[in-house]
Amino acid sequence: MASRVSMVSTKLKQATNGKRTLDLDGEEKEEQQLMMKNHVDDVDDSDDSEDSDDETADENEDSSSQDEVYEEEDETSEDSESEDEQPEKKDDEPEKHVDEYEYDSSDEEDVRNTIGNIPIEWYNDYSHIGYDVEGRKLLKPEHGDALDEFLQKADDPNYWRTVVNKMTGQKVVLSDADIETIQRIQASKHPAGSEGLYEPWVDFFSNEVMNMPVTGRPPDKRSFIPSKWEKQRVGQMVHALKMGWMKPRGEIRKMKLAQDPNAPSLDLWKEDAEPEITKRYRMHIPAPKEPLPGHAESFNPPEEYLLDAEEEAKWNDQEPEDRRMNFKPQKFSSYRTVPKYGLFINERFSRLLDLYLAARQRKMKMNVNPEDLIPKRPDKKDLQPYPTKEGMVYKGHTDMIRSISPDPSGQWLVSGSDDSTLKLWEVSTGRCMKTFKMEDKVTYVAWNPNPAINLVAAVVGSDVIIINPGLVDKLVCSNTDNTLNNFEDSGESSKSVVVWSSYDVEEKDKGFRIKVSHTTAIVQFTWHNKGDYFATVQKDGNKSHAVLIHQLSKRQTQAPFSKPKGLVQRVSFHPLHPYFFVATQQHIRIYNLVKQELHKKLQANCKFISSIDVHPGGDNVIIGSYDSRLCWFDLDLSTKPYQTLKYHKKALRQVAYHKHYPLFASASDDGSVIVSHGKVYSDQLLNPLIVTVKVLRGHKTANHLSVLDCKFHPTQPWVFSSGADSTIRLYV
């Protein structure tokens, strides 16, 4: 033990004199010095407790033997456990052969220890560390104490790259390549390095004939054994030559030379491209099999197959081609009493004629999975949000509600009814905030889409009434009145086809602002997105004044068409471009208002158009018709409908797009509002995705009318509907 202490002191002196420098950090040096000091104290204590010099000599021998073991220990330490257990070899002993296939090291994991995925700490109190494949214990390799570890750290230059395998307890020296890989991983780089990431492609399997094949497997058995199918084919050809069905080329050539080319051919289905016998042999098509006999052809058929007197008389009166069976079922007591079939020769002869004269050809059958023919629809959960249930019912009108319209903020809702009232509702609570009494039925209402202007337009007979409801901020209401009052009269109002008039002070206090009087009843009213222009459609009037465009700021009216083609049903403004949609009974014409020309004409596959709406993107249009059809038009794709939906049973009254969500809805007289998912992709190569997601019901039918109007909430995926049952329903 004194020799070990002297050795440790010598190592410390060498470290302090600079003869040997250790690549260690300051913290590691302090730990090693402290560890050395503790071990020296332990050694002193042990020396005091020793009784004899023999024990000291034994310890010196043990320490020297351990030093020899550390010096002779292999740096790679692949199988140090087996080396420690083996006795020292003598010179005269033969070298023992090591089986390199004793364990499988092809995988990355070391399979010498077969304990599996369990904590290795469970073996801390045992002398072994696990078991091998054959169930033998794997003994732990002998390791020195902390003092030996310190000496090895000072002597072994590869100590800093030596790690311990937890599964076997062996020490493994990391190579330079392993050190580089670890450094790359610590630096968040590619483990293999960036040098070999973009190596040139080596085409192993190329069309060039290589001297050395890629695979060294022996040739297949079929490569040197005659083919069974070729043998069968040769046998068939030999049999055809013996039977005369196939002839050698020399005989065929002689037959062609001896044949008269002017002789008529009796074969109607002959083709001159190939000899008849060879073609018949190669392209043989078996004759169709006769159907198997049924119960009616039995000599003792069941009673239900026998003909009664009425059926037999009917069978006798029919022509042979019209009869379901060409024989009459008969019943015999035994098989011996069955007579000879009289039509056997005739049927056999007719079948032979069919086989001889009727041409047969191969039918190519396609194995198509029926499920592949059904279009794949996305899951409804992926298409959310959309309205699914009834959230609120607004009651207060006494007659059918023909039109509704939410304000741009989504807080208020306006409705017009046949009871000559216009009501303003609060969406969240369902309260009726205001009621305006009109002179006649309110057929159409529309809230101005400009959020800076608080105006509501109502159609009463042949008049358009502009109302300031006064529900929003007072500053917005005052700015709205200032905008209406500060207009420039250009003097063209006297030439206008309509009359613009203002209400008196008493009516203005109620909210009425402007009245636009037309000559005939108004069918439809629509705002422009900016809120300054609006268009009206008149019924049964002068064709040149059927469609009028009005400007609110200047109080001017103009008729864009001198003579529109067809009876105009609905009109709409384009949300982005100066286009104007005019829908007649069966066509939709798109006009460019700047160039004053026809831009495009759409052909609807329906009889009578009832409603129209334009997608917020401006490239798609939907229309509803009285013949229960909804047509989706893709303006960039074609002038005909991209898709026609026929899910309603009765006439469609209204169609509407949502401004922000990919949703559109349709209201019908069958009492339902159908909400569909209609997503328009920015990629021009992708067609719109149209999927019906929900059928909403709740309105009752009155006088053959049910749901008359539907509108989407401006910001939420909700839909409002009004019906002939005098109610407004909100679906959320």
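Let me start with a term. Buried means under 20% relative accessible area, exposed means over 50%, and partly exposed is what lies in between. Keep that in mind. One more caution: this is a predicted model.

First stop, Phe 344. Where does Phe 344 sit? Its place is in helix α11, which covers residues 344-357. Is Phe 344 buried, partly exposed or exposed? The relative accessibility is 46%, so Phe 344 counts as partly exposed. Phe 344 also belongs to a nonpolar surface patch. The other members are Tyr 341, Leu 343 and Ile 345. Together these residues make a patch of about 400 Å².

Now over to the strands. Look at β20, residues 579-583. Of its 5 residues, 4 are buried, so β20 is largely enclosed by the rest of the structure.

What does β20 pair with? Take β19 to begin with, residues 570-573. β19 and β20 run antiparallel, joined by 4 bridges. One pair to find on the screen: Phe 573 has Phe 580 in β20 as its bridge partner. The two strands form a hairpin, with 5 residues between them.

Then β21, residues 587-592. How many bridges join β20 to β21? There are 5, and again the strands run antiparallel. Here, look for Phe 581, whose bridge partner in β21 is Ile 590. A hairpin joins this pair too, through 3 residues.

So, to recap. Phe 344 is partly exposed and sits at 46% relative accessibility. Strand β20 is largely enclosed, with bridges to β19 and to β21. That's my tour.

Technical notes. Residues are numbered from 1 along each chain as its sequence is written. This is a predicted model: local features need pLDDT of at least 70, side-chain atom pairs count only at pLDDT 80 or more; totals for chains, interfaces and linings use all residues. Side-chain values use heavy atoms; hydrogens and water are left out. Patches are made of residues with over 30% relative accessible area and no salt bridge: like charges are joined within 9 Å, nonpolar side chains (Val, Leu, Ile, Met, Phe, Trp, Tyr) within 5 Å. Accessible areas come from the Shrake-Rupley method with a 1.4 Å probe; for residues, only the protein chains shown count as cover. A salt bridge is a side-chain nitrogen of Lys or Arg within 4 Å of a carboxyl oxygen of Asp or Glu. Buried means under 20% relative accessible area, exposed over 50%, partly exposed in between (1.4 Å probe, protein chains only). Two strands pair if DSSP finds at least two bridges between them.
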